[in-house]
Structure formats: C-alpha cells, structure tokens
Amino acid sequence: MMTSFATLTIGQAPRSDIMPLLMAHLPAGSVTHVGLLDGLSTGQIEQRYAPAEGDAVLVTRLLDGSQVKLAAARVERGLQEKIDVLEALGCMTILLLCTGEFNHLHANNALLLEPDRIIPPLISSIIGQHRAGIVVPVESQVVEQANKWRKLAKAPCFAVASPYLSDDHTLTKAAMRLAEQGAEVVVLDCIGFNRHHEDVLKKHLNIPVVLSNVLMAKLAAELVV
C-alpha cells in the first residue's frame, strides 16, 4: 500500500546500506521506498542509463551491493517518471535519495525534497566564512559539483572516495587531504555514506564531519504525518 511519504533512490530499493540511518528518523510504517532501477537487470540498466563519453555521471548502489554509474540526464528523466507515478498513487511527500544536481524535477502537488537544493544553502548558513571540504564518489564530479556549491562564502575543496568501493583507509586519506587544504568541516556528499564512514573519519580528524543524508532525514521527518 502506498503511504503519503516515499523515498526515491536512483538505485534499487530498499537501500540496506543507509536504511538504518534513515529509519532512525523516519517512522517505518509511514514510508514507502522506491528505486529508479527496481526490477531492472544489469543489461537493462546498461541499456537505459549507461553514461556516454562526456555525460555527467551519478553513482548508486544495486541490491547486491555493487556500484553502478549512470548518465545524469537519463536519470533525471527516469526520476520524473517515478515522481509522476508516486503522485498519481497519492504520495504527498517525496524524499529524493541522491545528492546529485538536477535542474528540472518537479511535482504538481507533492512536496519534493531535493538534497541538491537544500544541503548547499544549509551548509552555507551553518559554516559561514569557514571552508568546507566535500567528498564525492567519482573524479568527474569534482568539476560538476562546482556549480552546486557556488554560493558558499569560501570556495570548497574536493576529494574523491566512493562509499560503495573505497575502504576506510582510502576514505580517511581523502578526508585528510581536505583538512590539509584548509577544510574546517567535511561534508560526505553522497547518499551512500553512513554512520560507519562518519565514525571512521572522526577518529582521524579534529574537525566536524557531516552526512548529507542525515540532514535530509531529519528535515524530512518533520513532514511525516
């Protein structure tokens, strides 16, 4: 049965890697979990969403735990179709589980919570003139993310570590490079990062570590009825 609140991941639902984190704030019986790639085989995913050379890239997790790269423009079209279906089924609040930047997603009546529109201004208002260090999953996103974080008072620095592929050592090295560049807070800007990643970094860094998905879950929890 469709609930009035839904999460929408660009991968496959439910997201077992981050579900404990999300459900610490969202009541289990009041949320439906939907994925863009639900029911699709590896071949079908490749056919519909594989990025071509020069495409903006998003990464996500499949049910088997593997990472997959997707063309951002194709993902946006697919997400809009899912949003339309969710609205038609009576869903009134949709939490997008992707921190990628989208330009044209919309809902007619439902509240659509997009991390790319909420997290950067929220981080900006929190840190003010301090410098943020942003961890993204793939190298190509360093350039792509520049526009998303353009309104920070001080230009952020970036490092690359995937929550789906990187081990703790790789993630720690990436975050420490940010600290060496003057970052005063580290933002783990991929939905796939979880409390384990945060805890690992807090052992090595003397600066705050922020999970984008926790911020979104806490905000979304206020809208569950």
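These legends accompany close-up views of a predicted model.

**View 1. Strand β7 is covered on both faces.**
β7 spans residues 132–136. Five of its five residues are buried. In a regular strand the side chains alternate between the two faces of the sheet. One side of β7 carries Ala132, Ile134 and Val136. The other side carries Gly133 and Val135. Both sets are buried.

**View 2. β7 pairs with β9 and with β8.**
Strand β9 covers residues 185–188. Its pairing with β7 is parallel and runs over four bridges. Strand β8 covers residues 157–160. β8 also pairs with β7 in the parallel sense, over four bridges. Val135 of β7 serves as a reference point for both pairings. In β9, the residue opposite Val135 is Leu188. In β8, the residue opposite Val135 is Ala159.

**View 3. A β-α-β crossover links β7 to β8.**
From β7 the chain passes through helix α5, residues 140–148, and then enters β8. The crossover is right-handed. The two strands it joins are parallel to each other.

**View 4. Helix α8 is mostly covered.**
α8 runs over residues 212–221. Seven of its ten residues are buried. Ser212, Asn213, Val214, Leu215, Met216 and Ala217 belong to this buried set. Ala220 is buried as well.

**View 5. Helices α4 and α8 cross at roughly 105°.**
Two packed helices are described by the angle between their axes and the distance between the axes. Helix α4 comprises residues 115–127. Its axis comes within 10 Å of the axis of α8. The crossing angle makes α4 roughly perpendicular to α8. From α4, the contact involves Pro115, Ile118, Ile119, Leu122 and Ile123. From α8, it involves Ser212, Leu215, Met216 and Leu219. Eight of the contact residues are nonpolar, one is polar and none is charged. Among the α8 contact residues, Ser212, Leu215 and Met216 are also buried.

**View 6. Leu223 lies in the segment after α8.**
Leu223 has a relative accessible area of 32%. Buried means under 20% and exposed means over 50%, so Leu223 counts as partly exposed. Leu223 touches Thr93, Leu111 and Leu113, leaving aside residues up to four places away in sequence. His204 is 19 residues from Leu223 along the chain. The C-alpha atoms of Leu223 and His204 are separated by 35 Å.

Key:
Residues numbered from 1 in each chain as written. Predicted model: local features only at pLDDT ≥ 70, side-chain atom pairs only at ≥ 80, totals over all residues. Heavy atoms only, no water. Buried < 20%, exposed > 50% of the residue type's maximum accessible area, 1.4 Å probe, protein only. Pairing = 2+ DSSP bridges. Right-handed = clockwise from strand over helix to strand, strands pointing away. Contact = heavy atoms within 4.5 Å. Axes fitted to C-alpha atoms, helices over the stretch in contact; angles between N-to-C directions. Parallel < 35°, antiparallel > 145°, perpendicular 65-115°, else oblique. Nonpolar A, V, L, I, M, F, W, Y, C, P; charged D, E, K, R; others polar.
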